[in-house]
Every structure is written in C-alpha cells, then in structure tokens.
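Please consider the sequence and the three-dimensional model shown below. The paragraphs that follow lead through its fold, its charged contacts and a selection of its loops.

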Amino acid sequence: VRRTVIVRNGGPGLANIGNNSTIENNTIAYNAAGIENINSNTNVLIRNNIIANNTGNGLNLLVAPAPSVKYNCVNSNIKNWNGFATSFGDTTLGFKNTRGISSDPFYNLNSNPMFVNIDTNSFALRGGSPCIGSCDTTSPKKPYNTFIDIGARVYTYGGVIKILANAIVFDSTAIAYQSSKILKVYNTGISQLVIDNTSIDSQEF
C-alpha cells in the first residue's frame, strides 16, 4: 500500500498485515485505529507513514520480534505503539533523524505532522512540518534531489523567487549570500509547468 490517504473510517485504517507486505508513504489518520494486527515479521516493511489522531492503537503488533517499522510519524493515537518494545516511539534516547529531529532508534517521530486543513480533508503538509524531508534515506528522491516527505501528500513548495546581486530571495526570505548563482527549476507536480514571467532586479553578478 503506497501513497494512500486513509482517513475517517469507523474501523482501522489497515489491518491483518501478513508476509511480504510493504506499507509506505501513507497517511492514516482519524480512524478507529491506525494499523491493526501486524501478524508477520517476514519481509514486512512499514516506513514513511503518518499514523496520527486515531482513536485506537497507532500500530498493533501481534508477533515478535517486530518487522521493519521505521521513519514513520506516529502521534496522538490513543496508544501509539501496542505490543512493541519500549524503544519504539521513545524519542528521549538521543537519536535524531535526517533533519536532526529527535526520534526513536528507528527514526520514527512522535510529532504533530501539521496537516494543511483537516476540516477540508487537506492532508498535505504545512510549512514547518517535521515530516518534510524526514523519510528513509534509501527512499526514492524527489526530482530536486532531497529526501521525500513522510506521508502520502508531500509538501508543496511555492512563492516568488527573486535573484538579486548578492542573494536568492524566496518571497521575503533571502538565502545563499554569494556572488555566483545557479538556479534550477523542477516541476514536482503532475501538471505542466508554466513560467509566465521572469525578471532580474540587478545584473551585477
């Protein structure tokens, strides 16, 4: 199961996870439970998922040892980790993920994923979400060559970009103060990219 938003169900988002199961980059939220009855640890991979705000277990494990469960954001479920060793979900042990955010030893986060607007069922990520760029480092990269985001819906970058004599300015934020500028523009969506206007405020590079 990949890239699926599973929300607002009267039962668990997913259940009865058997051999050879891959569950990655999903958003499982506001259900009666997240992932129930993980029955196997044989070639099972659960990574890069948001499992949050479910009214039962976030993840419920029925076998030992646990399968590979890593780089997830598991937050604000009635019980985040049921049946797992206590190290799962413990972000106080000194481990940090790829962004330097405190995690458990398996790089799982216990943080608010920061959805855009749950009232309108917009489960994309807002700017500042800890899930942005926090997935498994072996996952496929975004077109702009950074790590992909945790969850089914990636963060949408946008705004006005200006190239000045000594900076690149994104909206009102200036970064990269140097005299040499290389700007690459990638289309990370599914629609055609249209650039309808470009301007240079200064040609003194």
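Is arginine 2 buried or exposed? Arginine 2 counts as exposed because its relative accessibility is 51%, where buried means under 20% relative accessible area, exposed over 50%, and partly exposed in between, with a 1.4 Å probe and protein chains only.

The model is predicted, so that local features need pLDDT of at least 70 and side-chain atom pairs count only at pLDDT 80 or more, while totals for chains, interfaces and linings use all residues. Residues are numbered from 1 along each chain as its sequence is written, and side-chain values use heavy atoms, with hydrogens and water left out.

The overall composition comes first. The protein chain contains zero helices and 18 strands; helices (H or I, at least four residues) and strands (E, at least two) are DSSP runs, numbered from the N terminus. Of the 205 residues in the protein chain, 39% are buried. About 11000 Å² of the protein chain is exposed, and carbon and sulfur atoms supply 49% of this area; accessible areas come from the Shrake-Rupley method with a 1.4 Å probe, and for residues only the protein chains shown count as cover. Among contacts in the protein chain with a separation of 6 or more, 40% involve residues 24 or more positions apart, a contact being heavy atoms within 4.5 Å.

One sheet deserves attention. Three strands form an open sheet in the order β3-β6-β9, with parallel pairing; two strands pair if DSSP finds at least two bridges between them. Its edge strands are β3 (22-24) and β9 (68-70), each of which pairs on one side only. On average, neighbouring strands of this sheet are turned by 5 degrees against each other, direction ignored; the axes are lines fitted to C-alpha atoms, for helices over the stretch in contact, and angles run from 0 to 180 degrees between N-to-C directions. Strand β6 (residues 45-47) pairs with β9 in the parallel sense over three bridges, and isoleucine 46 stands opposite valine 69 in β9. Strands of a sheet pair through backbone hydrogen bonds, either parallel or antiparallel.

The charged side chains add a further set of links. The structure holds four salt bridges, each defined as a side-chain nitrogen of Lys or Arg within 4 Å of a carboxyl oxygen of Asp or Glu. In one of them, arginine 2 meets glutamate 24 at 2.4 Å, N to O. This pair links distant parts of the chain, with arginine 2 in the segment before β1 (5-7) and glutamate 24 in strand β3, 22 residues apart. Glutamate 24 counts as buried because its relative accessibility is 10%.

Glutamate 24 also forms a salt bridge with arginine 47, at 2.7 Å from N to O. Because arginine 47 lies in strand β6 and glutamate 24 in strand β3, the pair ties together parts that are 23 residues apart in sequence. Both of these residues, arginine 47 and glutamate 24, are buried. The side chain of arginine 47 meets aspartate 136 in another salt bridge, at 2.8 Å from N to O. Here the partners are 89 residues apart: aspartate 136 is in the loop between β15 (122-125) and β16 (161-163), and arginine 47 is in strand β6. Aspartate 136 is buried, as is arginine 47. Through shared partners, salt bridges join Arg2, Glu24, Arg47, Lys70 and Asp136 into one network.

The loop between β15 and β16 also holds arginine 153. Arginine 153 has a relative accessible area of 40% and is therefore partly exposed. Its C-alpha atom is separated by 7.7 Å from that of threonine 27, although the two residues are 126 residues apart along the chain. Beyond neighbours within four places in sequence, arginine 153 is in contact with Arg3, Val5, Thr27, Phe123, Ala124 and Leu125.

Strand β15 also takes part in a hairpin. Strand β14 (residues 115-117) and β15 pair in the antiparallel sense over two bridges, and phenylalanine 115 stands opposite leucine 125 in β15. The hairpin has four residues between its strands, and asparagine 121 takes a positive phi near 55 degrees.

A final loop lies between β7 (50-52) and β8 (57-61), where asparagine 53 is found. With a relative accessible area of 25%, asparagine 53 is partly exposed. Asparagine 53 and asparagine 75 are 6.6 Å apart in space, C-alpha to C-alpha, and 22 residues apart in sequence.
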